[in-house]
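Here is a short report on a two-chain model. Read it with the structure in view, and follow each part as it comes up.

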Amino acid sequence: MIEFVNSVANGVLIGLLYALVAMGFVVIYRASKVFNFAQGELIVFSAFLMWAVVIDRQLPLWIGLPVTFIGAAICGYVLDRLFLSRLVGESVFSMVMITVGLLILMRGLIIIIWGAETRAFPVVFPLRPVIVGDIIMSQALVIGGVITIVLAFGLSWFFNHTRTGLALTAVSEDQQVALSLGISVRKSMSLAWIIGALISAIAACVYLSGRSLNLHAADIAFAALPVALLAGLESITGLIVAGALVGVAQSLAQYYLDPWLGLNIASVVPFILILLILLIRPSGLFGWKTIERV
Amino acid sequence: MRFNRRTFGLAVALATGTITIPAFAQEKTYNVALFSDFSGPFANIMRPVHAGREAVFAWWNAEVGKDLGVQIGTRTYDTRYDAAQAASLWPGILSELNPLIIGSTGSTDIAALSQRLPEDKVVMMAVGGATHAGWVDDSWVFFPRATYAHEYGGFLNWFYETQGRSEPIRVGLVGSQQALLTVDLHDGIQAFISENPDKAAMVDVIWDAPQPTDLTAPMRRMVNAGAEVIFVNSNTATVVATKRALQALGANIPIVTSSHNSLPTAGQTLGGLDQVEGDFEVYGMAVATEDATGPAREFYDLLASEYGLEAPWGVLTLQGIAQAILSVRSIEAAINAYGPDDLTGEKVREVLITETAVGNMGVIPDFSFTADATFPTEGATVNIGTVRDGRYTTAASDVPLANVKRW
């Protein structure tokens with residue numbers, strides 16, 4: 001029984017990490033209806049920035065963290081200004097294709113700037129595990145889980161109760177209408193990209209603390225994809241539930257099904273889960289239902 | 001005729017033999033295609049591997065090829081450890097370069113091209129340990145080392161004897177099913193265990209992504225299953241995740257890595273060699289410890305001092321050197337057997353099968369391929385590296401390979 005509880009607890013924490021990564025997708029999507037395929041590369045960019053400051057330059061963490069966050073924010077702003085904001089009023093498909101191009105561009109730039117070698121990522125959170133009875137959990141994931149929940153409720157409040165947040169939502173609804181209402185679409189999109197990039201920097205710290213860093217760290221974005229789709233792409237707090245569901249399903253599958261089948265079935269389980277749920281609820285668990293008046 | 005000072009100096013130098021006019025125009029040039037992974041899952045280890053092999057070709061051209069009237073040209077292609085990439089690039093490479101040999105990055109290149117190499121008449125020289133791809137009939141893929149199962153099996157035999165065991169060693173394995181070499185090791189070790197149930201038993205296997213998120217929960221299952229050694233044969237990220245999970249669980253179980261995910265690389269990423277204290281690495285190649293002496297170290301020093309090798313003395317550099325030395329020696333043997341003109345991949349393959357691979361500069365032992373295996377099983381041995389008291393050192397040398405039946 002304790003093994004089951006342990007797997008569930010660790011699954012929830014991994015799921016919350018996925019939710020944190022997925023939050024970057026959702027924030028950008030909510031403000032622009034663009035699904036950012038380069039979200040994983042934003043994580044890797046922030047992580048390499050952190051490595052460059054703390055490990056390569058040997059500067060303390062209290063300098064490395066703000067430099068990383070400022071660098072990530074600038075990166076988000078520049079990407080939006082250079083590529084996305086020029087497409088205001090164009091089709092969403094064009095914008096999505098731009099993010100696919102960004103994925104390739106950023107991978108190339110990261111290799112050119114920092115190389116493809118595996119690096120040591122700084123220890124941001126203590127390595128000592130959290131032990132509750134017989135349950136052993138990674139301290140980085142526990143702290144990351146708390147950050148995810150706080151951030152989810154904070155951003156949800158921001159989007160639903162502040163003037164700026166509501167403006168972002170209006171932009172995602174219809175850019176032409178938002179412009180006619182006097183909302184600056186370009187500023188709104190820049191803000192969304194800055195927030196998305198900042199979330200990526202936080203996710204990098206939680207995910208990679210005390211571990212290894214290379215280009216493949218970006219793959220976590222694909223692991224987080226089912227969480228974003230399951231939550232419904234618009235719901236930020238819904239990511240917590242979706243993340244926990246995916247994480248637990250994956251963890252239990254890895255613990256019980258993988259050894260039984262002799263396969264890595266756990267990597268497929270989130271996608272099976274999402275297919276099943278989308279069959280019943282195409283807009284995801286908490287996604288907005290669009291009602292069109294004819 | 002008027003001579004200026006520079007022309008006069010040149011004439012004197014030529015007359016005294018201080019410099020020689022390159023005879024490239026009269027030399028025959030054969031090509032080798034060097035597949036590389038500069039942006040894929042093994043990009044982190046590619047630089048030293050590639051530097052090692054390029055230096056060997058430069059050395060051979062200058063010190064051996066010149067006398068034989070042959071030069072080896074190389075061209076590098078980024079196949080990204082991706083079978084689709086290798087398959088799509090290959091027709092162009094074949095028509096453009098017409099290579100005798102492909103220096104491969106590993107399993108994905110083999111999966112992409114092994115079926116068509118007999119028709120294309122091009123030998124593929126693998127890097128690192130072999131997979132069961134070397135156990136098919138009429139293979140054109142050759143390996144400088146035995147299969148990972150032979151090597152890890154050799155480790156199990158050694159561990160069993162040095163520990164004075166009477167009970168089977170309880171083995172765990174961590175890997176990714178996206179890395180074919182890990183799957184191959186799993187299948188091969190299962191074959192070894194079925195032949196040697198008194199020596200080893202597989203108690204648990206963890207399959208995860210190439211960059212695992214957190215292995216604490218599944219590792220707990222492995223620890224509870226009583227694993228005594230854990231084989232980790234995929235990339236450095238998996239080694240790091242395994243060590244972090246074991247540290248979180250407070251479990252002191254030695255892990256066993258190979259050359260591509262060696263202890264120095266993993267230790268550096270984890271924050272120091274002390275993090276991999278008591279762990280092992282096993283492979284059929286010289287162990288690049290700091291205090292190493294002998295022919296492999298002397299050869300490396302020669303390449304570094306004379307042929308521009310900038311990669312550090314380390315297992316990854318040796319891995320590239322091993323691939324290249326077997327390649328140039330096979331071309332050399334083919335020249336000796338058939339003459340320098342009209343060499344083909346077929347002739348190179350012929351000498352690889354029929355002759356003993358010698359002159360490997362101590363990087364890999366001298367060995368023979370057998371008719372049914374294009375990897376060394378006769379004459380080859382493995383070396384075992386470890387970290388003891390914070391120092392990277394050799395735990396055992398020339399340990400016999402395990403006998404593993406074809407799986």
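Over residues 260-280 of chain A, the chain is 67% helix and 0% strand. The end C-alpha atoms of that span are 29 Å apart. Helices (H or I, at least four residues) and strands (E, at least two) are DSSP runs, numbered from the N terminus. Residues 136-159 of chain A are 88% helix and 8% strand, with end C-alpha atoms 36 Å apart. Both spans come from a record: an unreviewed UniProt entry lists them as "transmembrane region", along with 12-29, 61-79, 91-116, 191-210 and 222-248 of chain A. UniProt positions are given in the numbering used here, feature names are shortened, and annotations may be inferred rather than shown by experiment.

This is a predicted model: local features need pLDDT of at least 70, side-chain atom pairs count only at pLDDT 80 or more, and totals for chains, interfaces and linings use all residues. Residues are numbered from 1 along each chain as its sequence is written, while chains are lettered from A and ligands numbered from 1 in the order in which they are written.

**Where the chains meet**

How many residues of chain B are in contact with chain A? There are 32, and they touch 35 residues of chain A. Two residues are in contact if their C-beta atoms, placed from the backbone, lie within 7 Å. On the chain B side, α2 (43-68), β7 (200-207), α8 (216-224), α9 (236-249) and α10 (263-270) each supply at least two residues. α9(B) gives the most, with eight residues. This side of chain B divides into 15 nonpolar, 11 polar and six charged residues. Ala, Val, Leu, Ile, Met, Phe, Trp, Tyr, Cys and Pro count as nonpolar, Asp, Glu, Lys and Arg as charged, and the others, Gly among them, as polar.

**Two domains in chain B**

Chain B is divided into domain 1 (26-146 + 292-366) and domain 2 (148-283 + 383-400). These bounds come from an automatic or database domain assignment. The domain centres, taken over C-alpha atoms, are separated by 28 Å. In the contact between them, 17 residues of domain 1 meet 15 residues of domain 2. On the domain 1 side, α2, α4 (107-113) and α12 of chain B give two or more residues each. The largest share, three residues, comes from α4(B). That side holds six nonpolar residues, 10 polar and one charged.

UniProt, in an unreviewed entry, places "domain: Leucine-binding protein" at residues 30-354 of chain B. That span is 49% helix and 15% strand, and its end C-alpha atoms lie 21 Å apart.

**Two helices of chain B**

Helix α11 (residues 295-306) of chain B has 12 residues. From first C-alpha to last it reaches 16 Å, close to the 16 Å expected at 1.5 Å a residue. The expected span is 1.5 Å times one less than the number of residues. Which residues of α11(B) are buried? They are B:Ala296, B:Phe299, B:Tyr300 and B:Leu303. Seen down the axis of α11(B), the buried residues fall within an arc of 100°, so they line one face of the helix. The arc is that of the directions from the helix axis to the C-beta atoms. These residues pack against α2 and α12 (315-338) of chain B. The face turned away carries the exposed residues B:Glu298, B:Asp301 and B:Ser305. A residue is buried if 20 or more other C-beta atoms lie within 10 Å of its own, exposed if 12 or fewer, and partly exposed in between, with C-beta atoms placed from the backbone. Just after α11(B), B:Gly308 takes a positive phi of about 70°.

In helix α13 (residues 345-354) of chain B, the buried residues include B:Lys347 and B:Arg349. The buried residues of α13(B) pack against β3 (101-103), β4 (123-125), β5 (141-142), α12 and β11 (368-370) of chain B.

**Three single residues**

| Residue | Place in chain B | C-beta neighbours inside 10 Å | Class |
|---|---|---|---|
| B:Met222 | helix α8 | 26 | buried |
| B:Tyr81 | loop between β2 (70-78) and α3 (83-97) | 26 | buried |
| B:Asp398 | strand β14 (residues 391-400) | 10 | exposed |

Most residues other than glycine have a negative phi. B:Tyr81 is not a glycine, yet has a positive phi of about 50°. B:Asp398, not a glycine either, has a positive phi of about 50°. Leaving aside neighbours within four places in sequence, B:Met222 is in contact with B:Gly172, B:Asp204, B:Ile206, B:Ala227 and B:Ile230.
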